[in-house]
Protein chains: 2
Amino acid sequence: MKHETIRHSFEEFLKTKGLRLTRQRSRIFEKAFACHDHFTAETFLGWLTAEEVSKADRVSRATVYRTLGLLADGGFLELLDTGSGEAHYEHVLGHRHHDHLICTSCGRIEEFVDEKIEELQAEIARSHGFELTSHDLRLMGICKSCRRKAKTNVSA
Amino acid sequence: MKHETIRHSFEEFLKTKGLRLTRQRSRIFEKAFACHDHFTAETFLGWLTAEEVSKADRVSRATVYRTLGLLADGGFLELLDTGSGEAHYEHVLGHRHHDHLICTSCGRIEEFVDEKIEELQAEIARSHGFELTSHDLRLMGICKSCRRKAKTNVSA
DNA sequence: GTATATGCAAACTGTTTGCAGGTGA
DNA sequence: TCACCTGCAAACAGTTTGCATATAC
């Protein structure tokens with residue numbers, strides 16, 4: 001999907017909901033889709049603040065929280081719960097659904113998809129009488145580079 | 001595993017860590033293993049308070065948080081992140097590892113195990129160079145009884 | 001023009017922590 | 001005895017909210 005397509009769909013989304021396209025919402029939208037990484041609301045606020053050129057660009061903490069929530073509601077961002085206590089977001093463009101590997105040592109997040117797991121999940125939900133709306137599979141462990149580091153420290 | 005066995009292993013755990021078996025820890029331990037359900041720290045505190053007979057039984061909020069954390073560290077309780085913002089706990093006795101189906105409508109939690117999914121996860125971690133320490137698979141959806149209720153409301 | 005958004009700061013929720021006094025080994 | 005525990009209340013982090021002002025439509 002091209003950027004302008006999703007931008008258009010964002011504007012449509014606002015329109016149908018009777019919401020206004022403000023300078024802040026536009027900036028937040030653009031930034032969220034320019035970033036191909038996971039981020040927290042606070043990190044995101046930091047980026048916006050850092051990139052602030054004129055006073056007119058200012059976006060407040062409250063608006064960041066409100067707008068990220070809005071984008072998640074609209075399906076433009078996905079909420080990703082890493083168990084750290086903070087909400088992580090990631091945009092949906094290009095990414096199709098995927099699950100996460102989380103390094104508990106450095107916080108690094110990698111993505112993966114496994115069709116067979118997806119199928120098995122659907123089957124399990126069905127057999128329990130659940131109508132599946134979403135799922136969240138997180139594999140926690142130590143990533144390659146942290147393992148290497150740990151090894152070096154021990155032998156040193 | 002019998003209750004007295006796990007109780008013994010809890011006492012051993014405290015001993016090896018140089019921790020004391022206090023009235024409060026004992027009460028919390030007993031209650032946690034008497035309850036075969038998931039619970040949050042606040043709910044748990046509520047139970048303890050409700051069951052309080054004499055003043056000597058009192059357990060404070062801080063102690064509940066501290067002790068549930070302790071029990072989780074010791075592997076007596078498992079921390080379960082439902083995405084609700086609160087930590088949920090469940091005891092480990094009898095339960096072997098399992099994953100969860102969560103009803104987003106009523107909060108109901110069901111458990112399941114799927115060996116094939118477990119294997120696939122291990123394989124994925126391996127192929128990404130991760131050393132897997134744990135995982136968390138949550139299937140979110142609408143449970144049978146909520147779906148029934150929803151249907152009734154629509155047709156009514 | 002006016003309903004909707006924003007920024008600010010204060011409120012809130014779940015959880016942690018410092019400290020003075022209590023208690024188990 | 002004395003280190004460890006507890007209860008309390010205050011601190012915390014992340015997030016939400018009420019309100020007066022500003023702004024998109």
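**Exercise 1. Strand pairing in chain A**

Which residue in strand 3 of chain A stands opposite D81(A)? Place the pair in its sheet, bearing in mind that the model is predicted.

*Solution.* Begin with the pair itself: across from D81(A), in strand 3 of chain A, stands A87(A). Next, consider the two strands concerned, for strand 2 of chain A and strand 3 (residues 87–91) of chain A run antiparallel and are joined by 5 bridges. Then widen the view to the open sheet of 3 strands in chain A, whose order is 1-3-2 and whose pairing is antiparallel. Finally, examine the edges, where strand 1 (39–40) and strand 2 (77–81) of chain A each have a single partner strand, so that one side of each is left without a neighbour in the sheet.

**Exercise 2. Pairing between and within chains**

Find how strand 6 of chain A pairs with strand 6 of chain B, and then determine how strand 4 of chain B is joined to strand 6 of chain B.

*Solution.* Start with the pairing between the chains: strand 6 (residues 131–142) of chain A and strand 6 (residues 131–142) of chain B are antiparallel, and their pairing extends over 11 bridges. One position to locate in the structure is M140(A), which faces S134(B) in strand 6 of chain B. Now remain within chain B, where strand 4 (residues 99–103) and strand 6 run parallel and are joined by 4 bridges. Here C103(B) has G141(B) of strand 6 of chain B opposite.

**Exercise 3. The surface near DNA strand C**

Describe the protein residues around DNA strand C, and identify side-chain contacts to a base nitrogen and to a phosphate oxygen.

*Solution.* First take the surroundings: 21 residues lie around DNA strand C, and those that come nearest are L19(A), T22(A), Q24(A), S60(A) and T63(A). On the DNA side, sugar and phosphate make up 66% of the atoms of DNA strand C that come within 4 Å of the protein. Second, sort the residues of this surface by character, which gives 7 nonpolar, 5 polar and 9 charged.

Third, look for N or O atoms of side chains, using 3.5 Å as the cut-off for a polar contact. The side chain of R20(A) has such an atom 2.9 Å from a base nitrogen of DNA strand C, and for the side chain of R20(B) the distance to a base nitrogen is 3.1 Å. At S60(A), by contrast, the partner is a phosphate oxygen, at 2.8 Å from an N or O atom of the side chain. Fourth, assign the surface to elements: two or more residues are given by each of helix 2 (23–34) and helix 4 (61–73) of chain A, and by helix 4 (61–73) of chain B. Helix 4 of chain B gives the most, with 4 residues.

**Exercise 4. An aromatic pair in chain A**

Classify the pair formed by the rings of F29(A) and F76(A), and explain the class.

*Solution.* A pair of aromatic rings is described by the distance of the centres and the angle of the planes. For F29(A) and F76(A) the centres are 6.4 Å apart and the planes stand at 80°, so the pair is edge-to-face. F29(A) belongs to helix 2 of chain A and F76(A) to the loop between helix 4 and strand 2 of chain A, so the pair ties together parts that are 47 residues apart in sequence. Both F29(A) and F76(A) are buried. Lastly, the two residues belong to one aromatic cluster, formed by F10(A), F13(A), F29(A), F33(A) and F76(A).

Notes:
Residues numbered from 1 in each chain as written. Chains lettered and ligands numbered in written order. Predicted model: local features only at pLDDT ≥ 70, side-chain atom pairs only at ≥ 80, totals over all residues. Heavy atoms only, no water. Near = heavy atom within 4 Å. Polar contact = N/O pair within 3.5 Å; in protein donor to acceptor, adjacent residues only side chain to side chain. Nonpolar A, V, L, I, M, F, W, Y, C, P; charged D, E, K, R; others polar. Pairing = 2+ DSSP bridges. Phe/Tyr/Trp six-rings, centres within 6.5 Å; stacked < 30°, edge-to-face > 60°. Buried < 20%, exposed > 50% of the residue type's maximum accessible area, 1.4 Å probe, protein only.
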